[in-house]
Amino acid sequence: MTTTKTTCPYCGVGCGVLATQQADGSVSIEGDPNHPANFGRLCSKGAALGETLSLDDRMLYPQVEGQRVSWDNALDLVAEKFVDSINEHGPDSVAFYVSGQILTEDYYVANKLMKGYIGSANIDTNSRLCMASSVAGHRKAFGTDTVPGCYEDLEEADLIVLVGSNLAWCHPVIYQRIAAAKEARPEMKVVLVDPRRTMTADLADIHLPINPDGDVALFSGLLVHLSKAGVLDADYIENYTSGFEEALTRAASLSNEQLVQDTGLSLDAFNEFYSLFENTEKVVTVYSQGVNQSDCGTDKVSAIINCHLATGRIGKAGMGPFSITGQPNAMGGREVGGLANMLAAHMNIEDENHRALVQDFWNSPTMPHQQGLKAVDMFQAVADGRIKALWIMATNPVDSMPDANFVQDAIKNCPFVVVSDVSETTDTVRHANVKLPALAWGEKDGTVTNSERRISRQKAFLEPPADAKADWWHMAQVAKRMGFEEGFDYRNCASIFREHAALSTYHNDDSRDFDIGALSTINAKDYDDLAPFQWPCRAGEKVSETRFFSEGDFYTPDRKGRFIPIASKPRQVTTEDYPFVLNTGRIRDQWHTMTRTAKTARLSSHLAEPFCEIHPDDAERLHIGDADLVALSNERGTIFVRALITDRQKPRNLFVPLHWTDQYAANARVDILFASVVDPFSGQPALKNVAVTLERFQPTQYGFLVSKEKPDFGCTPYWALAKTEGGWRAEFAVIKPVDELSIFGNTVLGDTLHDSPQVYNDKQSGDKRAVWFKDGKLHAAMFLAPQPVIASRRYLTDCLLQDFETPLSRHEVIAARPPANRIEKGGMVCSCFGVGANEIINATASGCHTVKAIGERLKAGTNCGSCKGEIACLLEKHIVAITDVAS
Ligand code: SF4
C-alpha cells in the first residue's frame, strides 16, 4: 500500500488528502492531518473521493466527429482549424473557455498560448461565474487581487460576519473550523447575512434574512454607523488610504427608509448587528457567491472592504475581508492571469509596461492590447459567429452559464468546438467536434491555490487510463503544431511551474504582490515533495508573510488603499407576470454539474432529486403540497422540480440547487431561467436573482422506481435519477396514464425484465405496484399513484442488496415499507454512517437532545461532520429531512 499526499479537487478550501491504494485496487481517503487548510478534516464530498474513481463514463480516446482517432490526428486537426480561423478572421475569432478545475500549470500554458502566441485575450473561465466580482473588488481597493488574511483569522476572530455564504454546505471544513473555535470560545459571535435560513444559520447568533442584493445598503449603513459611533481608525485612514470622505458621503446619502426598503430588515436588526461590529475589534467578513453572483457584486465587495479599511481591521490576526472561492483552483487561475481581463502573475493587461514585461519574459511574438471577451460575452460572440473555433476545458457551460439554452445553441452552431474533459457524456461534450481525453483527479499532477493563498500539490497516484493526457500537454502539442515550438517545449509540469514562478518575480521588486520567486529554480524532486505554502514566497526571504495590508503598502500607484464610493441600487426583478425571485446554490453532497459526485451512491443518497424551496404561505396560496411537483417558468424556459415547503425560505423567494443536468433529470437545468445580466465591472453573471412564475405541475401519475439496471425514461416530462448501492432509484411522473406496469417497466429498463412481476393494483386509490425478482434478488420495483408515491425510498433502495428467498419476504417489498420488526430509517442525514432522519428523531425520544448525544448514540456527525447542521435542525423541530418527504 502506498499513500500519496494530494489535495481535494472540489471547493476552494483546498483540503489536504491522503490517498492510499489498497491491495484490492480500491483507494482509501483520509484527511491529511498535517495540511494547514484542514488538519485532517474532510467533508462528505472529500471523504467520498475514493468512490468517484471508476472509469464509468470516462472519455478514454481522442475522437473526431464521434470516431476514435489517434492523438496526432486529433491534435493536427485542432491546430489546423485554429490556424485557419486566425488567418482568415484574425486572432479574436478563436477562444478558450477553461475552468477553476484545471491545475495552475494547465492554466499557465492556456493563458500563454492565447495571449502571447495567438495574440488574443479571448480566454475566460468558469471562475468568472464564481468569484470575478471579488477579483474586481480587490483590484479596485488594493490595486491587486489579494485575499489579505488566512484561515487562522477565522478562528481568532471575535465576530465573523458571513455574507451570502452557506459555509455549512459549500465550504464545510471552514464551517467546522469556525464551529470548533466557537465551541472553544462561546463568546465568539457569528452573524449570517443571507435571504435563506441555510444550514449555516445553525452556527449564527444573528441571522439577517436580507433581500437579494441588499448587501450594498447594509454595509453602506454600517460605514455610516461606525463613523457616527467614533470607532474609525483615523490613523489608518489618514496614512494608508485615500477616498474616505467621498465614500462616507455617498454612503450617508442613503436614508434609513431606503436602508430598510433595500435590505428588507428592521432598524432593530441593523442596530444589533451594527453594534456588534462597532464593539468588536477582531472581525472577519467572509463572503462568497451570494455576494459575487450579482449585477452589483463588485459594489458589494467594495462596501464590505470599505468598512474594514475604515476601521483598520485588515491584515491583522482575526481581522479582514475574506473572499472564499468556490472552486479548487480559481485562485491559481487568477495568479496566472487565466481571465480575459488579466495578464499573468497579477499583471494588468491594460498596462503597457506589464504587457511589455510579459512579452519579453515569454519572448513571444505578440500580446493583445485590450481585454478579451468575458464568459457571457464570449458565448454571445460564439452565437453571433464572431468566434469560429472554441476550446472548452474541464467545464460544462451548457448547464452552468446563464441563459443556458442560448449557450447550448451557440455551442451547437459553432463551426468548430473542441472539448477536453474526463467525462464522455456531459451536456457540453456531446456538442464537440473534437473530444480530447483529459486526466482525472488521482491521475493529475501539478499545483492548486486555495482561498487563503496556499499553494498545494495535487499529485497522481493512478496510472492514466487508455489515451488520457494532461490538459497542459494537449495545449502544448497544439501550440507546437501551430508553429510555436519554442515557447511550449515543456518536459513536465515541474518545468511549467518553474517558469510560472520565474515570471512572478521577473522585474518585480515588490511592485506586485504575487511573487513565488524562491521556487523559480526548484528541481523535480523538490517540486514533487513541495509542502503547502502561502504566497508570497520571495527569493531570499526566509519566512513568508501570511497577511497583507496591516500597515498599508497596497499595490496602487500611491501604495494607498482606495475607498470606493458606491450607491445602493438593488434590482427589482419581479413583475406582475413573474412574481417570484429565484435563487440558486449548492447542496451538501453534490459538486457542480454532478459529473463526479453523482457517481457515488453515498453522496447521491442525501438529496436524490432536484427540488424547490417554497415558503409555506406561497405553497398554500398556490395549492402546492409537500412532494408535489412544481413548474418554474419565465420567458427563457420551464423547469420541473419537487416542492419542498419550508419556512427557511422567505415569502416570494424560491431556491433551486444548481447541480442537476440532462444526465440526471428531465427538465431541471436551472440556469436556463437566468438572463445574461452581469456586473458592469467584473462581468460576473447575476445567478442568484431572477424572476419566475411558480405553479403546481399535475401529472396523471407519479412514479418511483428502484432497479438494478439504469432506467431510460425517454420523453417522460419528469424524471430524476440517482445511483444507489445496488443500482438506481428514480422519481418520475407521466402525463399519458400507464395501465400495465409490466410493459412500462420493460420500456424504461430496456427489456431486461424477463420474469412476470408480482403486482398489486388498488382500483379505489389508483395505486399500482409491480416487483420483479431474479435469482432470489430484487431486480426492480415500480410504484405508480395519482398522488406523490408514498413509499420508503430508503427501505426499497436497501432491498436491492438483500436476498428474498421466501414468498412472504417478497410481499414485503410490495408494501413499500419495512416490516414491523425493522426500523423505518427515513431520509439520509449522515451519509458517512448511513443514519436516517427517523433514527435521529427516535433517538431524541429516548433522551438524545444534543448533536453530541446523537453522535454518541448513532455515530451520526462524528466522521466528516457535514450533517451536524441538519441534525441540529431535526433536534429543534423533529422534522423529517427533505429526501423522504413522500415517505
Ligand atoms: Fe474538499 Fe470538502 Fe475540503 Fe472542500 S471542504 S476541499 S469539498 S474536503
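This report walks through a predicted model, with stops at its ligand, its largest pocket, a pair of helices and two backbone details.

## Around the ligand

Let's start with the ligand and its neighbours. Four cysteines stand in the shell around the ligand, namely Cys8, Cys11, Cys15 and Cys43. Tyr10, Val13, Gly14, Leu42, Lys45, Gly46, Pro172 and Val173 also surround the ligand.

Which elements give two or more residues to this shell? They are helix 1, covering residues 44-47, and helix 7, covering residues 172-184. By class, the shell around the ligand holds 9 nonpolar residues, 2 polar ones and 1 charged one.

## The largest pocket

Helix 7 turns up again at the largest pocket, where it gives the most to the lining, with 6 residues. The space in this pocket comes to about 930 Å³. In total, 30 residues line the pocket, and those nearest its centre are Ala179, Glu183, Val851, Gly861 and Lys868.

Besides helix 7, at least two lining residues each come from strand 3 (27-31), helix 29 (851-858) and helix 30 (868-877). What is the mix of classes in the lining of the largest pocket? There are 12 nonpolar, 9 polar and 9 charged residues.

## Two helices that cross

Next, take a look at helix 8, residues 215-229, and helix 12, residues 267-279. Their axes come within 10 Å and cross at roughly 55°. Because of that angle, helix 8 counts as oblique to helix 12. The crossing of helix 8 and helix 12 is right-handed.

## Two backbone details

Two spots along the backbone deserve a visit. For background, most residues other than glycine have a negative phi, and most peptide bonds are trans.

Phe39 sits in the loop between strand 3 and helix 1. Phi of Phe39 is near 45°, which is a positive value in a residue other than glycine.

The other spot is the peptide bond from Trp535 to Pro536: is it cis or trans? This bond is cis, and its omega is near 10°. Pro536 belongs to the loop that runs between strand 19 (533-534) and strand 20 (561-562).

Definitions and conventions:
Residues numbered from 1 in each chain as written. Predicted model: local features only at pLDDT ≥ 70, side-chain atom pairs only at ≥ 80, totals over all residues. Heavy atoms only, no water. Near = heavy atom within 4 Å. Helix = DSSP H or I, 4+ residues; strand = E, 2+ residues; numbered from the N terminus. Nonpolar A, V, L, I, M, F, W, Y, C, P; charged D, E, K, R; others polar. 1 Å grid on protein atoms, 1.4 Å probe; cavity = no way out; pocket = protein on both sides within 12 Å on 5 of 7 lines; lining within 4 Å. Points joined across faces, edges and corners; volume = space filled by probe spheres on them. Axes fitted to C-alpha atoms, helices over the stretch in contact; angles between N-to-C directions. Parallel < 35°, antiparallel > 145°, perpendicular 65-115°, else oblique. Left-handed = near helix turned anticlockwise from the far one by under 90°.
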